[in-house]
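Biologist: I would like a close look at a single part of this model, taken slowly and with the terms explained as they come up.

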Amino acid sequence: MRGLQILIDGFAISSLYGLGAVGFTLMFGVCGVLNLAHGGIMLIAALLGWWVAADYGAGPYGGAVVGILAGLIASYVTYFVVVRPIQRSRAIPRTEEELFLLTGTLLWGVMIQVGMDYLFSNNPVTMQPLVPGVINILGVRTPQNELLIAATCWIAIGLLSLLVNKTQIGKQLLAASINPRGLTLLGFELSRIYLIVWTIYGLLTGLAGVLLASFFGISSDNAGNLTASAFTIVILGGLGSVPGSLLAAYVVGYAETITAYLINPTLRPIPALLILVLVLYIRPRGLLGRR
Amino acid sequence: MALFRRRILWVAVLLIVGASAPGWLGAYFLGVFTTAYYFGVFAMSWDLLFGFAGEVNFGPTFMIGVGAYAAGLMNNAGYSIPICLVAGTAAAVVSGLALALPALRLRGPYFGLITLVAVLLLLDLIVIFASVTGGEIGMMVPDVLSISATVNYYYAFGFLVISAVILYGLSRSSLGLILQATGQDRIEAAALGFNVTKHKLAAFCVSAFFSGLAGGMVTFYGGLASVDTVVSLAITVQIVIAVVFGGRRTILGAILGSIFLILAGELLRPIGQLNTFVVSAIALAVIIFFPDGALGWVLRPRDPT
């Protein structure tokens, strides 16, 4: 029984982790930006969604839509206010751009966290379940909401993979991740492609934030940990590799769930961190990393 | 030469102002500056890795925390403060080495993440072994450096000045130059025959030494080692802010940044939680508009190196 419970809970948690990390890895793969304000964007989506759903009676679905839009807007603001000025600055040498992007987005993430803390306090909030009720799977009582969340994650990831593999835009994104200069020479505007990536990123991350609020609940104190989890998963899977991130999300999700159920809930984050350290020492490019 | 004299003059003025501060500052502000000075050491030792070696080390609080907790545990076991400080520093250097030896094989974001993970693991360990470490509440230590604000101020000031002289000297030595070359073009530096890994390791040790010692000093200044004062990621963020604001790759800028940060934190206290927001926003504006930081911006026009 417990085995099945771990299997189901671990699947839902891992799917959510996968969705949270996929945008992060796409952003690095195509734009070369490691967005350390990632958790902050999830936070904005989750808190605004919750606020609209609870205080304005928009219901869970209205809240979810508002939350995703908020994530999108937060993503655009991150791009135009923080990332683009750093990329365009003449005073910053190209070789140090990465350092500046890391510190810039880190500071931006702190600003988001503190701002949200000020507006909504740091009390944990939980969004109403998208669907109420409990279903019995072979004797394990599982909230239907949990299944819906896992399914939504996979639908979103599936749509992303369709977009990347089957459409013209997706091919441009792939090309930009492989050889941006070549793409420019072929007459494509890189900044337009970057904007598309930030749009996709905002939608995915906003959705992940909303689902997270509905599954676990969220508090403004979590922003840093959310970024750290996404960072961990993405590095474990191999920077820029979407299948790698999904695989890593499952490794981390199941490692945490198994520890929480079988050993001790307080030790929950530790095995995943140890796995990460081990993988980085043996195989620094991550599980499915290219370079 | 004129430039050199001018800079010496400025440093002398700052030294005199700093040394005479207890004469004209109240006990409250002495306390604020004491904190800022210890913070300055954290920031300087971080700058050695970030500014010079170009490594984004998200784990300065790993070394600071190990130093602070090791010193605190020794003190609780009945040893005197100097022995505890030595032990804490040694523990910080050893753990820094244990982290650096494998981690320096990694580059850029991978290095950053592994140092971040070290901090997260340390945080978890402190909470798990709460019976020894006091968990999230913190660990009291029986001894303190002094109960007089003036004496504490001089301890911090002296420590800051000595650390600054050593770190600045190192940064101007061949070690600093080679680190800088490595940070800018690792392959070329290696091709010129420098043992890149050895130099980075040396920088890591020096950084760990000062971080650990400062961590121990802070513990005996406040009589408490706690997650919030020496390990939390919020401290890392503040160190980053202090260095980028003051000007990375200047060592001395880190001191200015720390004083700015701590003073701003105090002066902005009336606006409550938002003070972190304002300080972060200022730091963000600085890195976008003046990527060389305050000191770098002041020095740049006159010093075209």
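What do the buried residues of α11(A) pack against?

Modeller: This is a predicted model, in which local features need pLDDT of at least 70 and side-chain atom pairs count only at pLDDT 80 or more, while totals for chains, interfaces and linings use all residues. Residues are numbered from 1 along each chain as its sequence is written, and chains are lettered from A and ligands numbered from 1 in the order in which they are written.

The buried residues of α11(A) pack against α9 (223–237) and α10 (242–263) of chain A, together with α5 of chain B. Helices here are DSSP runs of H or I with at least four residues, strands are runs of E with at least two, and both are numbered from the N terminus. A residue is called buried if 20 or more other C-beta atoms lie within 10 Å of its own, exposed if 12 or fewer do, and partly exposed in between, with C-beta atoms placed from the backbone.

Helix α11 of chain A covers residues 270–282, and its 13 residues should span 18 Å at 1.5 Å a residue, which agrees with the 19 Å between its end C-alpha atoms; the expected span is 1.5 Å times one less than the number of residues. The buried residues in α11(A) are A:Ala272, A:Leu276, A:Val279 and A:Leu280. Seen down the helix axis, the buried residues fall within an arc of 95°, so they line one face of α11(A), the arc being that of the directions from the axis to the C-beta atoms. An α-helix has 3.6 residues a turn, so residues three or four places apart point the same way. On the face turned away from the buried side, α11(A) carries the exposed residues A:Leu278 and A:Ile282.

The partner helix α5 of chain B also belongs to the contact between the chains, which takes 34 residues from chain B and 38 residues from chain A; two residues are in contact if their C-beta atoms, placed from the backbone, lie within 7 Å. On the side of chain B that touches chain A, the elements giving two or more residues are α5 (108–128), α12 (233–246) and α14 (274–289) of chain B, and α5(B) gives the most, with 12 residues. By class, this side of chain B has 25 nonpolar, seven polar and two charged residues, where Ala, Val, Leu, Ile, Met, Phe, Trp, Tyr, Cys and Pro count as nonpolar, Asp, Glu, Lys and Arg as charged, and the others, Gly among them, as polar. Chain B as a whole has 15 helices and two strands.
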